Amino acid sequence: MEVNQIRNSQLKENLATKEQYEALFLEMNPGYFERDYVKAIPEDEPASEMMLDLDDFDEDIYSKSFGDEVTFGYYDGDIDKLRENVARVVPHWTQFFGEQSRVYCAFVNGELASFCQIQDFGEHMVGDTKWKIGGPGCVGTLPEYRDRGLGLSMVKNVTKILRDEHYDHCYIHYTYETAWYGKLGYKTFVSWSGKGFV
Ligand SMILES: CC(C)(COP(=O)(O)OP(=O)(O)OC[C@H]1O[C@@H](n2cnc3c(N)ncnc32)[C@H](O)[C@@H]1OP(=O)(O)O)[C@@H](O)C(=O)NCCC(=O)NCCS
């Protein structure tokens with residue numbers, strides 16, 4: 001590694017402090033710790049927020065090959081059918097899937113297998129730098145299609161889409177699946193429970 005590259009990666013790691021990350025989180029999620037469902041999260045079950053600097057994204061970090069029966073793309077089918085499938089994974093997520101949602105999926109023989117939203121979290125100043133932040137939300141794989149690499153390949157595709165759309169960072173909100181997203185290089189930047197930041 002060149003000296004400059006080492007310097008850059010060190011700078012990057014030091015780019016945001018814990019306080020800056022906490023402030024960023026609250027800017028993206030105003031009034032978060034006043035919400036009842038947040039207050040209900042026990043102290044011994046903290047959830048995580050994860051981020052990937054898209055300059056550091058290595059798309060070869062995870063790869064899975066599929067047959068022709070597997071395709072990836074935007075959902076343009078019936079919204080009620082989509083919501084029925086979402087409800088089979090996490091029932092209360094159906095409220096987040098509407099006509100305006102940008103939904104990206106994995107399909108097997110044309111049938112919905114994995115789904116997520118592609119969300120825009122806006123532009124935020126972190127220190128002297130403006131971060132344009134997007135990310136996959138409400139990520140799920142229907143039970144009968146799990147453990148084939150579909151969900152993670154879908155998240156990888158969404159990460160590539162956001163990088164190609166010139167986002168700076170890809171953000172995962174409210175997750176317990178840190179090892180799973182970690183396979184793509186996502187890192188936890190804050191954890192929290194109903195009592196606040198851990
Ligand atoms: C989490 C979830 C989306 C995973 O979907 P999936 O399509 O089964 O995951 P994949 O098959 O793409 O997983 C890819 C790899 O991660 C591994 N993996 C699966 N679950 C994992 C986990 N919880 N932690 C670490 N690795 C995991 C798989 O074994 C596979 O490994 P390999 O390809 O190296 O052999 C799915 O279990 C789900 O819908 N859960 C309920 C909703 C949820 O919790 N969503 C995430 C909330 S943010």
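This is a short conversation about how to read a predicted structure, taken one feature at a time.

User: Before we start, what kind of model is this, and from where are residues numbered?

Analyst: This is a predicted model, in which local features need pLDDT of at least 70, side-chain atom pairs count only at pLDDT 80 or more, and totals for chains, interfaces and linings use all residues. Residues are numbered from 1 along each chain as its sequence is written.

User: Let's begin with the sheet. Which order do its strands have?

Analyst: First, the general idea. Strands of a sheet pair through backbone hydrogen bonds, either parallel or antiparallel. Helices (H or I, at least four residues) and strands (E, at least two) are DSSP runs, numbered from the N terminus. Two strands count as paired if DSSP finds at least two bridges between them. Here, eight strands make an open sheet with mixed pairing, in the order S2-S3-S4-S5-S6-S1-S7-S8. Strand S2 (70–74) and strand S8 (196–197) are the edge strands, and each pairs on one side only.

User: Which strands does S1 join through bridges?

Analyst: Strand S1 (residues 47–53) runs antiparallel to strand S6 (residues 169–175), with five bridges joining them. Ser 48 has Thr 175 of S6 as its bridge partner, and Met 51 stands opposite Tyr 171 in S6. Five bridges also join S1 to S7, again antiparallel. On that side, Glu 49 has Val 190 of S7 as its bridge partner, while Ala 47 stands opposite Trp 192 in S7.

User: How many residues lie between S7 and S8 in their hairpin?

Analyst: The hairpin formed by S7 and S8 has two residues between the strands. These strands run antiparallel and are joined by two bridges. One pair to look for is Ser 193 with its bridge partner in S8, Gly 196.

User: Which helices lie on the sheet, and at what angles to S4?

Analyst: Two terms help here. Residues are in contact if their C-beta atoms, placed from the backbone, lie within 7 Å. Axes are lines fitted to C-alpha atoms, for helices over the stretch in contact, and angles run from 0 to 180 degrees between N-to-C directions. Helix H2 (residues 18–28) lies across S1, strand S4 (111–126), strand S7 (187–193) and S8, and it runs at about 115° to S4. Helix H4 (residues 79–89) packs on the sheet too, touching strand S3 (103–108), S4 and S5, and its direction makes about 85° with that of S4.

User: Is Phe 115 buried or exposed, and why?

Analyst: A residue is buried if 20 or more other C-beta atoms, placed from the backbone, lie within 10 Å of its own, exposed if 12 or fewer, and partly exposed in between. Phe 115 counts as buried because it has 25 C-beta neighbours inside 10 Å. Phe 115 is found in strand S4. Leaving out residues up to four places away in sequence, Phe 115 touches Tyr 75, Asn 85, Val 86, Val 103, Cys 105 and Gly 140. For contrast, Glu 34 is exposed because 8 other C-beta atoms lie within 10 Å. Glu 34 is found in the loop between H2 and helix H3 (36–39).

User: How many residues does the largest nonpolar core have?

Analyst: In soluble globular proteins, nonpolar side chains tend to be buried together. A nonpolar core is a set of buried Ala, Val, Leu, Ile, Met, Phe, Trp, Tyr and Cys residues joined through C-beta atoms within 7 Å. The largest one here has 33 residues, and those with the most contacts inside it include Phe 115 and Val 155. S1, S3, S4, S5, H5 and S6 each give two or more residues to this core, and H5 gives the most, with six residues. Val 155 touches Cys 116, Pro 136, Val 139 and Leu 184, not counting residues up to four places away in sequence.

User: How many residues surround the ligand?

Analyst: A residue is near a molecule if its C-beta atom, placed from the backbone, lies within 6 Å of it. The ligand is surrounded by 19 residues, and the closest are Gly 140, Thr 141, Arg 146, Gly 151 and Leu 152. Strand S5 (129–141), helix H5 (150–164) and helix H6 (178–182) are the elements that give two or more residues to this shell.

Methods
Contact = placed C-beta atoms within 7 Å.
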